[in-house]
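Student: I am new to this structure and would like to go through it slowly, one question at a time. Could we look at it together?

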Amino acid sequence: MSKSAYSAPGKKGKFDKHIIVVWVDNEAGVLARVVGLFSGRGYNIESLAVAEVDAKLNISRITIVTTGTPQVIEQIKLQLRKLVPVHKVADFKREDKNVIFKEMALFKLVGNISKRKKAFNACKKYNAVLLDKTNKSYVVQVTALRREIDIMSKNLKKLGLVSVSRTGAVAMTRGAEIFK
Amino acid sequence: MSKLSTGAEIVFKCLEDQNVEFIFGYPGGAVLPIYDELKNHSSIKHILVRHEQGAGHAAEGYARSSGKPGVVLVTSGPGATNVVTALTDAYMDSIPLICISGQVPTHLIGTDAFQECDTTGITRPCTKHNWLVKDIKDLSKIIHEAFEVATTGRPGPVLVDIPKDIQFQKATYSKPKRKNKLNGKRHNNFNQKDIDELIKLMSKASKPIFYTGGGVINSGPRASVLLRELVDATGFPITSTLQGLGSFPGDDNSFLGMLGMHGTYEANNAMHDCDLMINIGARFDDRITGKIDEFSPKSKKVHIDIDPSSINKNVKVDLPIIGDVQDVISSTLKTIKKAKPNFSNSNKQKISKWWEQIQKWREKKSLDYVNSTETIKPQYAVQRLYELTKGKDTYITTEVGQHQMWAAQHYKFDKPNRWMTSGGLGTMGYGLPAAVGVQIAHPKKLVIDIAGEASVLMTMQEMSTAVQYNLPIKIFILNNEYMGMVRQWQELLHDKNYSESYTAALPDFVKLAEAYGCVGIRATNPNELDDKIIEMLNTDRPVIFDCLVDKQENCFPMIPSGKPHNQMLLGPKDQEQNKITGKGKTLV
């Protein structure tokens, strides 16, 4: 007999990556409610992006990248919908071809000009923008997928990358439809 | 221009318009303006508790026994932190509470001011929603919304934190607006197709069972009436969770008793072997399911619940029906009457074998115990209490532990809202203040807290409240000097290492009763038990009843943790040799 008043854990299901988009009233504490729900119930947050999207209606859009079993993902959505300031919740699978996911990153590169140019060229396929230039340094902005930024930040190390700042993913469906 | 009211006045105008009759509270610096305003509102009576946790549990008892929300008023800082246990308790058991807390003045928030704490931060995970009022213009709207959030959908606690300066400021008061939907949150989300599917499953089933919970009680007394009709119309057996007791008569032949960890043999085996499980307003709690992987492996499962997040949370179900229990049963009954008026009779043959099997399980008499002529067995005490109070429309509250399970097993309820117990959170110290709240709601009724001596000491100070308001609550303590449930687990699972579960110094409860200004009664042997209980019932004052019971009795039957429903541990008529002897006890 188990020495616990609780049952042992059952079988674990397969983990999937999902992007959850939540439309909320932009009021004090709303982010704490959403994030607290995740930490309190033991759900993961891989990345988080939040900003007001409708100043008139006072609506913010929160995009959360998370992993979990299908049952956990279902619970996340249902629990989020119970929060009073939550208006709607959308859920996209990472593999969903119908959804665009983007992250932005800022790279600070320090080194000689040839190294920096090489680095900037490598960034070009990710919509690179040169935001700041001194005789020692560059600040470059890229927008890309999470794994692409992961690879870039690794590869640019040898080309003088000294600092990385990146956002969480934001998502939007393709085509004319919007999520109701 | 319309009249301006202070924040404190607005609080009371809101409470008046929400038909609040009682608030349970405790004053302090940050709520003084509200307390100052109390005298101008004669329709609202304030009940002064002795500790804010007591206010919370009293409000819970009030709410559960009356069907109305409970209102709590506390000060900032320690006032708010003391009520957190009660809020969490109400959150777990879905009890509507509105807690109003004072806060330090707006300009001091965040400065670690005297009696400041982040009340909305602390209570965020244990309320359905909470508000910090930053602008006096929002106050009336927020309080009305608080009542709506607490009482609609799956009920629960809410908190409104009001800084002291806001209580002084002035604004126009606005009346509540009735809304059908709260921010798009719907209550009923089922259609006739779901009901038809349910009836199809019901007519196919040969081993069906209703598994009912607190949702039936929360849905209102009408839901319990309809549940009885549904059981009548189908002839199906029914079992109930701890929280659902009373929604169906406990002495009816269709009732298999409570299920779960300390449920009856017949209820748990029927849950394990059934081919159709109809969950009405219960949530597949871990004390109910036992080992999830082996939970009722052969059944189709239907889950009726008002809270969509309860569906598939612990157990995957085949047919979810999201709605208020009362509305779902009502639709189901209408459809049965229309489509299958002869349902019960046509079905009788089909489920007769199932009833035979249930009868066999029943013959195990799993609630039996070995009685004694020398010591009072706790089960016997509850049975005698039941026999001597039945027909008196008694309200029972409990603390948490063995006594709670014995009360659930041996006290039979036949009406909803008569049974108040902390099930989800399992809060020792719940029952005494809850009894205070119940007696406030029902001044003429008999209210008994079936208690354990360890639990009741956690909130004993509320006896003083009971005396102040002449509340003749009866605290019926099954005193075994142990934290009995802890002792039981230690006996069964930790090689009888009774680590810190024996209370070596207990107060004399009779003298304690006298010190509080109420009546103390002690029963020491089975021969005098009935007379003493009758003496208690005839006392029209608060009573502490010290019932000295067998110290080693264990609560059976039980599902050991990690086991499925069909592997229950039954009551040991033959385990007497395993008792701790008098000598052994001194070693504890």
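Student: At roughly what angle do the axes of helix 1 and helix 7 of chain B cross?

Tutor: This is a predicted model, and in it helix 1 of chain B covers residues 7–17, while helix 7 of chain B covers residues 139–151. The axes of these two helices of chain B come within 9 Å. The angle at which they cross is roughly 30°.

Student: Is helix 1 of chain B roughly parallel or roughly antiparallel to helix 7 of chain B?

Tutor: Angles under 35 degrees count as roughly parallel, whereas those over 145 count as roughly antiparallel. The axes of helix 1 and helix 7 of chain B cross at roughly 30°, and the crossing is right-handed. That angle makes helix 1 of chain B, with respect to helix 7 of chain B, roughly parallel.

Student: Which residues of helix 7 of chain B are met by residues in helix 1 of chain B?

Tutor: On the side of helix 1 of chain B, the residues involved are Gly7(B), Ile10(B), Val11(B) and Cys14(B). In helix 7 of chain B, the residues that they meet are Leu139(B), Ser140(B), Ile143(B) and His144(B).

Student: Why does chain B count as being as compact as a globular protein of that length?

Tutor: The secondary structure of chain B comes to 24 helices and 20 strands. For 588 residues the globule rule gives 25 Å, and chain B counts as being as compact as a globular protein of that length because its radius of gyration is close to that figure, at 25 Å.

Student: What percentage of the residues in chain B is buried?

Tutor: The C-alpha trace of chain B spans about 75 × 65 × 40 Å along its principal axes. Among the contacts in chain B with a separation of 6 or more, residues 24 or more positions apart account for 78%. Of the 588 residues in chain B, the buried ones make up 54%.

Student: How many of the residues of helix 17 of chain B are buried?

Tutor: Helix 17 of chain B runs over residues 402–410 and is largely enclosed by the rest of the structure. Its buried residues, including Trp406(B) and His410(B), pack against several elements of chain B, among them strand 11 (255–258), helix 16 (378–389) and helix 21 (484–493). The number of buried residues in helix 17 of chain B is 9 of the 9.

Student: Does Asn345(B) count as buried or exposed?

Tutor: Asn345(B) lies in helix 15 of chain B, which covers residues 343–362. A residue is exposed if 12 or fewer other C-beta atoms lie within 10 Å of its own. Because Asn345(B) has 9 C-beta neighbours inside 10 Å, it counts as exposed.

Student: How many Å apart in space are Asn345(B) and Asn314(B)?

Tutor: In sequence, Asn345(B) and Asn314(B) are 31 residues apart. Taken from C-alpha to C-alpha, their separation in space is 35 Å.

Student: Which are the edge strands of the open sheet of 6 strands in chain B?

Tutor: This sheet of chain B has the order 3-2-4-5-7-6, with parallel pairing. The edge strands each pair on one side only, and they are strand 3 (45–48) and strand 6 (129–132) of chain B.

Student: What is the bridge partner of Phe24(B) in strand 3 of chain B?

Tutor: Strand 2 of chain B, residues 22–25, pairs with strand 3 of chain B in the parallel sense over 4 bridges. In strand 3 of chain B, the bridge partner of Phe24(B) is Ile47(B).

Student: Is chain A as compact as a globule or more spread out?

Tutor: The secondary structure of chain A comes to 4 helices and 9 strands. The radius of gyration of chain A is 20 Å, well over the 16 Å that the globule rule gives for 180 residues, so chain A, set against a compact globule, is more spread out.

Student: In what order do the 4 strands of the open sheet in chain A lie?

Tutor: The pairing in this sheet of chain A is antiparallel; strand 1 (residues 16–25) and strand 4 of chain A, for example, pair over 7 bridges. Helix 2 of chain A, residues 70–82, lies across strand 1, strand 3 (59–68) and strand 4 of chain A. The order of the 4 strands of chain A is 2-3-1-4.

Conventions
Residues are numbered from 1 along each chain as its sequence is written. Chains are lettered from A and ligands numbered from 1 in the order in which they are written. This is a predicted model: local features need pLDDT of at least 70, side-chain atom pairs count only at pLDDT 80 or more; totals for chains, interfaces and linings use all residues. Two strands pair if DSSP finds at least two bridges between them. Two residues are in contact if their C-beta atoms, placed from the backbone, lie within 7 Å. Axes are lines fitted to C-alpha atoms, for helices over the stretch in contact, and angles run from 0 to 180 degrees between N-to-C directions. The radius of gyration is taken over C-alpha atoms; the globule rule is 2.2 Å times the number of residues to the power 0.38. A residue is buried if 20 or more other C-beta atoms lie within 10 Å of its own, exposed if 12 or fewer, and partly exposed in between; C-beta atoms are placed from the backbone. Angles under 35 degrees count as roughly parallel, over 145 as roughly antiparallel, 65 to 115 as roughly perpendicular and the rest as oblique. A crossing is left-handed if the near helix is turned anticlockwise from the far one by less than a right angle, and right-handed if clockwise.
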